[in-house]
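Thanks for coming. I will take a few minutes to walk through one structure, starting with a pair of side chains and working outward.

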Amino acid sequence: MIPQNIIYNAAYPRSYGNEFTLFDHGEGCYIYDVIGKKYLDFGSGIAVNSLGYGREDLAKAAYEQMKKIPHTSNLYTSEATLLLADKLTSFGNFSAVHFGNSGTEANEAAIKFARLYSKRKKGNGNHKIIAFECGFHGRSMGALSCTYNPHYREDCEPLVPGVEFLPYNDVETLKKTVNSTYAAIIVEVIQGEGGLRCMTPEFAEALNQVCAANDVLLIADEVQTGLARTGYPFASGMVNLNPDIITLAKPLGGGLPLSATLIPEKVNELLQPGDHGSTFGGNPVACAVANQVLEVLLFPPFLFEVMEKGNYLKKKIQELKSRFSCIGELKGAGMLQGFEVNTPAGYDGDLSKDLIKKCRENGLLLLRSGVNVIRLAPPLVISEKELDEGFDIIAKCMENKLK
């Protein structure tokens, strides 16, 4: 039987679509499907595979831990899990970390901790949460309540009450709205699903001020931007945001499911046994791999290299923009950047969607953000030569589509 690299009608929910490329293995920044076709990955499995594919060091860490013990539950612990907790809490004013399995779970934990803190510190009625227009924080009911896009929300309503949406980067509205009746503000430094809009330093400073003045917990959703994606350990450092809680996930487990919610002592001291938990959270195998991931991602010379690659990525996008009038505003920062693709008059279809499909057919994987933004989140180990290769494919596909 001849293997098929495109699978239709898999036994998955229809919410996942109807067409899947069937991948087999990867090496470096390339991934191969089951018939051997090679793809350059500019999406990293949605910013998960920051160290690329085929890493012997990560495979060894997983293998060695798997031989010892694959799971403990949250009734017990392991050396790998303790070590990871120590590492993560050392990167800021944090005293504890709640481990989960996904970015959504990390944000659910953050929302829950914020409401527990506010009720126990300020009393009943101080439970409201502020999120922002075009923000995305997950698809489970609490995280979904803080996700702006009506497409995700409306058919699942009623959601968790008490969430309000404010305009992103609007300092005046923020200052007029926030008072001590709010429990938390949850925000992305770069809106991953919201068109890659970046937080301004002025907005970051306003968030710092209003949260401190009103004892409102500031939650930075760093699920996509954390752990070196912008050249900083956390993207919050890029704009001097001072979050009380940071949520992490995507690159943390090196491809294995793992998330972390970092909390300060003022929150931790009010928590009681049973307030929250996760059977699989802090899985020893995932944590063993994560310890190795952090050794690479947070090594200062590596962070510097990421910043340099981010500058080169921006240069390549600018060069592309100079060639094609349909390319609009440049978006994002570091190694999470992108560009608007405006569908020309008379074009039959959606150019941004068609470009993603055409690039995949030509061996390049891209992501989308918002309505018409091409999102680029390649592995952080990518070379300038590989970036050149990817942009050559994009340019070739754009020329073909715009003829």
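Start with K316 and E319, which form a salt bridge whose closest N and O atoms are 3.4 Å apart. This is a predicted model, so everything I say is computed from predicted positions. As for the location, K316 is found in helix α12, residues 300-323. K316 and E319 are three residues apart in that helix, so about one helical turn separates them.

Is K316 buried or exposed? K316 is buried, because its relative accessible area is 11% and the cut-off for buried is under 20%. Its partner E319 has 34% relative accessibility and counts as partly exposed. Leaving out residues up to four places away in sequence, K316 touches D388 and F391.

Next, the other end of the helix pairing. The side chains of R323 and E399 meet in a salt bridge, at 2.5 Å from N to O. R323 lies in helix α12 and E399 in helix α14, residues 384-401, so this pair ties together parts that are 76 residues apart in sequence. E399 is partly exposed, at 38% relative accessibility.

Now the two helices themselves. Two packed helices are described by the angle between their axes and the distance between the axes. For α12 and α14, the axes come within 11 Å and cross at roughly 20 degrees. Angles under 35 degrees count as roughly parallel, and α12 and α14 are therefore roughly parallel to each other. Their crossing is right-handed.

Which residues of α12 meet α14? They are K309, Y312, L313, K316, I317, L320 and R323. On the α14 side, the residues met are E384, L387, D388, F391, I394, A395, M398 and E399. K316 and R323, from the two salt bridges I described, are both in that α12 list.

Back to salt bridges in general. Side chains of opposite charge can pair when their charged atoms come close. How many salt bridges does the count come to? The count is 16. Another of them joins the side chains of K67 and E64, at 3.5 Å from N to O. K67 and E64 are three residues apart in helix α2, residues 56-68, so they too are separated by about one helical turn. E64 is partly exposed, with a relative accessible area of 34%.

On to the sheet. Strands of a sheet pair through backbone hydrogen bonds, either parallel or antiparallel. Here seven strands form an open sheet with mixed pairing, in the order β6-β12-β11-β10-β9-β7-β8. The edge strands are β6, residues 96-100, and β8, residues 163-166, and each of these pairs on one side only. On average, neighbouring strands of this sheet are turned by 20 degrees against each other, direction ignored.

Two pairings as examples. Strand β7, residues 128-132, pairs with β8 in the parallel sense over four bridges. In that stretch, I129 stands opposite V163 in β8. β9 and β10 also run parallel and are joined by four bridges. There, A184 stands opposite L217 in β10.

β10 deserves a little more time. Five of its five residues are buried, so the strand is mostly covered. L217, I219 and D221 point one way from β10, while L218 and A220 point the other way.

What lies across these strands? Helix α4, residues 103-122, lies across β6, β7, β9, β10, β11 and β12, and runs at about 25 degrees to β12. Helix α8, residues 201-214, lies across β7, β9 and β10, and its angle to β9 is about 160 degrees.

One last residue, this time from a loop. Where is L241? L241 lies in the loop between α9, residues 236-239, and β11. L241 is buried, with a relative accessible area of 5%. Setting aside its neighbours within four places in sequence, L241 is in contact with V187, V189, M199, A204, L207, N208, L218, A220 and S236. Two of those contacts, L218 and A220, are the β10 residues that point the other way from L217, I219 and D221. The C-alpha atoms of L241 and A333 are separated by 15 Å, and the two residues are 92 apart along the chain.

That is the end of the walk-through; I can take questions now.

How values were computed. Residues numbered from 1 in each chain as written. Predicted model: local features only at pLDDT ≥ 70, side-chain atom pairs only at ≥ 80, totals over all residues. Heavy atoms only, no water. Buried < 20%, exposed > 50% of the residue type's maximum accessible area, 1.4 Å probe, protein only. Contact = heavy atoms within 4.5 Å. Salt bridge = Lys/Arg side-chain N within 4 Å of Asp/Glu carboxyl O. Pairing = 2+ DSSP bridges. Axes fitted to C-alpha atoms, helices over the stretch in contact; angles between N-to-C directions. Parallel < 35°, antiparallel > 145°, perpendicular 65-115°, else oblique. Left-handed = near helix turned anticlockwise from the far one by under 90°.
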